[in-house]
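Biologist: I work at the bench and would like to learn how to read a structure feature by feature. Could you take me through one?

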Amino acid sequence: MVKLSHRTSEPVTESVLSVKDLSVILSREGRPSRVLDGISFDMFPGEIIALVGESGSGKTSIGLTLQGLLPHEYLPQIAGSIRLAGIELVGAGRRTWQSARRHLVRAISQDPMGALNPTMTIRRQMRESNGRSEGSIEDWLSRTGLPDPDRIADALPHRLSGGQRQRVLIALAMMARPKLLIADEPTTALDVTMQAQILDLLRVLARDQQTAILFVTHDLTVAASLADRILVLYAGRIVEMGRMQDVARNAAHPYSAGLLAARFDLDSDRRRPLPTLPSEHTPSIRVENACAYATRCPIAQPDCTAIRPPLEPASVHGGAVACLHHEQTPFLSAQRADAKPWPAQAIQETAALRLSNVGKTYPTGARSFWGRRQPQPILRSINLSIKLGECVALVGESGAGKSTLLRIAAGLVVPESGTVTRFDKLPPQVVFQDPVASLTPWLTIGEQIGERLRAVSPDSDYGRRRVGEAIKLVGLDPVLMDALPAEMSVGQCQRAVLARAVIVPPRLLLCDEPISAMDVSLAATTLNLLSDLRRRLDMAMLFVTHDLAAARIIADRIAVLKDGELVEIADPDAIIAAPQSAYTRSLIAAMPSLQAGGGR
Amino acid sequence: MLTYLTKSIVGAVVVLLVMSFIVFGLQSIIPADPARAIAGPNAPPETVEAMREQLGLDDPAVVQYGRFLLRLAHADLGTSVRTRQPVSDDIQQFLPATLELGLASIALGVALAGVMAALQFLIPGSAGIRLAMVGVGSTPIFLSALLLSYFFWFQLDWLPGAGRLTYRDFAGPTGLNVIDGILVGRPEVSVDALLHMILPALALAQPIGVAVGRSLNGALHDVMSQAYVRTARGKGLSETKVLLRHGLRNAATAPLSMLGLQVRLLFGNLLVVERVFGWPGLGLYTVQAFASADLPAVLGVAIVFGILYILVNTLIEIGQSMADPRINL
Ligand SMILES: Nc1ncnc2c1ncn2[C@@H]1O[C@H](COP(=O)(O)OP(=O)(O)O)[C@@H](O)[C@H]1O
Ligand code: SF4
Ligand SMILES: [Mg+2]
């Protein structure tokens, strides 16, 4: 373990958390697998550490291990040491853990919707939590910026919005005045504006209460806007650690460098493909005595698969890195810059899709005596047309009506008023948020892609050739033609869904938040693939997202939807340079950026 | 809440109207001649004819139905062919025994369900408990009633297996012997009544316990892996508090529905069990009424069970809304 020079300018403080050589083995269906492997780090009072890595790297497992809440049906085997406020927790009894959870370590999680008991008022849930708190429940609620804390305290969780619930959860955690707060992707489910407010709140709490915050995220930009230090996790191992600014500027590990390069924001170059990480994580390799990143690493050498790289001082910054050849990392970025620009896309004047005065209501209001609900307007007189070959991104916060509009465009929902005209006679193809869920679990990928070839049997030579072409078009390995969805990664499933959509190229492709559940690198890969496909197949596209940066990269025009109304629609760079509506301005202001401090 | 009560009363009236219509329809379809039945098999035709006149059996159907409703509204369910008494008097006499047994079975069933869910929860994946539950759950009630009565009464003679009470002439104010024994200051009567109830109540409680227990166990299993339970554990609460405060209440809705369903099945099971244990309640009364084609008696009991069912359903729904305040009655 490498000692990091920590905040040399400040007086030396005692660490609140000291993790040494922590390893965790979980067993699924009798098969043990090492989820965390030799993790060591320290945290100091008031410090915010970002824990960054792609999904499956073990971030959540670290958080659960620190709380002693790994699900016992997975028979967790924990080795090493966790000292929290001087108390050793590995091997500690139930009482010690309970008291540690009560007074020392608290957590907020990714899913504010599910994390509050639906049948208990906020007040009762908070009363259970108080620990050594002074100050009333209302105090704590208002400290998190919740308006009208009296009303919220007596409400049941389902009356609150996602952002409000996340604040309640933060209040719930902070009123115990814990030494350590674990925040596991607390803003992933929230809109950017809400995200910015929650990040501000965490920053203030860390400063005022001297709580150490372990902030789990796959988003480096969010990490950079918040954290003092960063831990980069790959396949259950720490591959790099250091001061946030140092790593953001000069990553020493090829994986961190790749993650940084794959990140996109409002300033990324949208004329050419985004840089991405090479290929995807292959979880099945044996890595006991090797670098776990070797299968993907562009600078791997033969020795990388012979020994496990130790965590040692980095040459480019004051932190540590686990890479045998980290002095080569700086040359990586030079190799990446020269991607060829996208070819120009021909946009015709004919509309691929035209919505005129479209309105839609859903019965969601209060129930009347006869059990009928009041209709609530979801969309109000929407006028939108997408030209052949054009991509329009629809941006708005959750609940704005984006998905309803997309479903109307797809013909899946019938609007109450207005007309929908499509150029194509065939129904348009829709790509949904969760690629795994949109595939049938018991059909092979080839069968599912071939299904759309109406008159052609997918088993015929011609059918198999068409499927093979579609698979190649989306960059999927042809051997996966006979694989089942469960055998593939999320990224591969996403490619299969796209292959199914474009095997008979539609004139209009509809995408509903296709990247919002993905980590940065996979999101960049998917955006590149969509940009490529629509140019090659000359498709028009409606791309629904709450991510303004993604919208800017993929679209020719951005349409902003707010409370069921289109507030503006224009060229992406024009919108970002000179937003017309207050809502768009707030969206832009809330975008985190790699320069610390957040906001623009 | 007020609208809910109004709604359920309106619902009850509608259900009763529908039932009265069916009952009335049955009366006129079934070939039995009530005039002949009352006058007796050997009465001369004139007497029967006079009886028909008296009963208004020659009036148009609508008039007869109106009269029938009017009588119903006055709790007049007609006269039993077998006992020659007003059906409502018979029901008043036999209902307490059935209520007592039914309530005891529900209580015992819920207790069994709790024990089963707790066992399954504490010893997760125990094949033994699962097997036992499948075995017990798949035994038909007439068989388990017979087995219980055969072993514990006939063979071992540990428990009484016939009738409600050893004290023949005891009669208390409520008709519920266990309570009456305490009310009149004769605790030995209460004990005796309880002992008599054990075997039939066990037989009746068994399907309730298995069904509700399984439903509770399944619901608990789901709930205990929810994110909010992790939040509760994250507060450092003990596992018991997590289970009681956050688990049980959220798991209550499905097992309560199952309990409602089981209570409806209980009405049918009462016929079998009261017959096997010679329990002098509405079930036995109905079985005997069947045997002598005593239509007014059968229909009277059906209406009483209908009302009880609506009552139970309302209680279950109120219980569910108490467990889950999001359910707005
Ligand atoms: N019960 C389990 N048994 C075996 N492996 C598991 C289990 N739960 C999670 N894992 C594995 O542990 C690794 C880390 O998972 P997780 O901590 O959820 O990562 P992250 O939060 O970074 O997405 C993954 O490879 C995942 O597949
Ligand atoms: S050790 Fe080798 S494979 Fe691993 S990151 Fe460094 S260069 Fe790449
Ligand atoms: Mg996670």
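Modeller: Happily; we will go from the chains and domains down to single helices, rings and backbone angles. Please keep in mind that this is a predicted model.

Biologist: Let's begin with chain B. How many helices and strands does the secondary structure of chain B come to?

Modeller: Chain B has 14 helices and zero strands. Its C-alpha atoms fill a box of roughly 85 × 55 × 40 Å along the principal axes. Of its 329 residues, 41% are buried. You can also ask how far along the sequence the contacts reach: among those between residues at least 6 apart in chain B, 66% join residues at least 24 apart.

Biologist: Into which domains is chain B divided?

Modeller: The assignment gives domain 1 (2-73) and domain 2 (92-323). To read a domain pair, look at the spacing, the contacts and the buried area. The centres of domain 1 of chain B and domain 2 of chain B are 34 Å apart, taken over C-alpha atoms. Contacts between the two involve 11 residues of domain 1 of chain B and 10 residues of domain 2 of chain B. About 930 Å² is buried between these domains, and carbon and sulfur atoms give 85% of that area.

Biologist: And what are the domains of chain A?

Modeller: Chain A is assigned domain 1 (44-59 + 93-248), domain 2 (250-339), domain 3 (342-428 + 506-600) and domain 4 (440-504). Take the pair of domain 2 and domain 3 of chain A: 17 residues of domain 2 are in contact with 24 residues of domain 3. Together they bury about 1,800 Å², with 63% of it on carbon and sulfur atoms. On the domain 2 side, A:Phe264, A:Leu266 and A:Arg270 supply 47% of the area buried against domain 3, more than any other three residues.

Biologist: Can I read the interface between the chains in that way too? Which residues of chain B supply the area buried against chain A?

Modeller: Use the contacts and the area again. Here 21 residues of chain B are in contact with 25 residues of chain A. The two chains bury about 2,100 Å² between them, 56% of it on carbon and sulfur atoms. B:Arg230, B:Lys235 and B:Arg326 supply 28% of what chain B buries against chain A, more than any other three residues.

Biologist: Now a single helix. How do I check the span of α15 in chain A?

Modeller: Compare the expected span with the distance between the ends. Helix α15 of chain A covers residues 490-502, and at 1.5 Å a residue its 13 residues should span 18 Å; the end C-alpha atoms are 19 Å apart, which agrees. Next, ask about burial: 11 of the 13 residues in α15(A) are buried, among them A:Cys493, A:Leu498 and A:Val502. The cover over those buried residues includes α14 (461-473), β18 (508-512) and α16 (520-537) of chain A.

Biologist: What about the loop before it? Is A:Met488 buried or exposed?

Modeller: A:Met488, in the loop between α14 and α15 of chain A, has a relative accessible area of 9%, so it is buried. Beyond its neighbours within four places in sequence, A:Met488 is in contact with A:Ile445, A:Leu480, A:Ala483, A:Cys493 and A:Ala496.

Biologist: I'd like to look at rings. How many aromatic pairs are found over all chains?

Modeller: There are nine. For any pair, check the distance between the centres and the angle between the planes. The rings of B:Tyr150 and B:Phe151 have centres 5.4 Å apart and planes at 80°, so they are edge-to-face. B:Tyr150 is partly exposed at 39% relative accessibility, and B:Phe151 is partly exposed at 42%. In chain A, A:Tyr234, A:Tyr255 and A:Tyr293 form one aromatic cluster. Rings can also have a charge over them: the charged end of A:Arg143 sits over the ring of A:Trp140, 4.1 Å from its centre.

Biologist: Last, why would I pick out a positive phi?

Modeller: Because most residues other than glycine have a negative phi. A:Asn357 has a positive phi near 50° and is found in strand β13 of chain A. Similarly, A:Ser381, in strand β14 of chain A, has a positive phi of about 25°. A:Asn357 is partly exposed at 45% relative accessibility, and A:Ser381 is partly exposed at 49%.

Definitions and conventions:
Residues numbered from 1 in each chain as written. Chains lettered and ligands numbered in written order. Predicted model: local features only at pLDDT ≥ 70, side-chain atom pairs only at ≥ 80, totals over all residues. Heavy atoms only, no water. Phe/Tyr/Trp six-rings, centres within 6.5 Å; stacked < 30°, edge-to-face > 60°. Buried < 20%, exposed > 50% of the residue type's maximum accessible area, 1.4 Å probe, protein only. Lys NZ or Arg CZ within 6 Å of the ring centre and 35° of its normal. Helix = DSSP H or I, 4+ residues; strand = E, 2+ residues; numbered from the N terminus. Expected span 1.5 Å × (residues − 1). Contact = heavy atoms within 4.5 Å. Domains from an automatic or database assignment. Buried area = accessible area lost by both parts, 1.4 Å probe.
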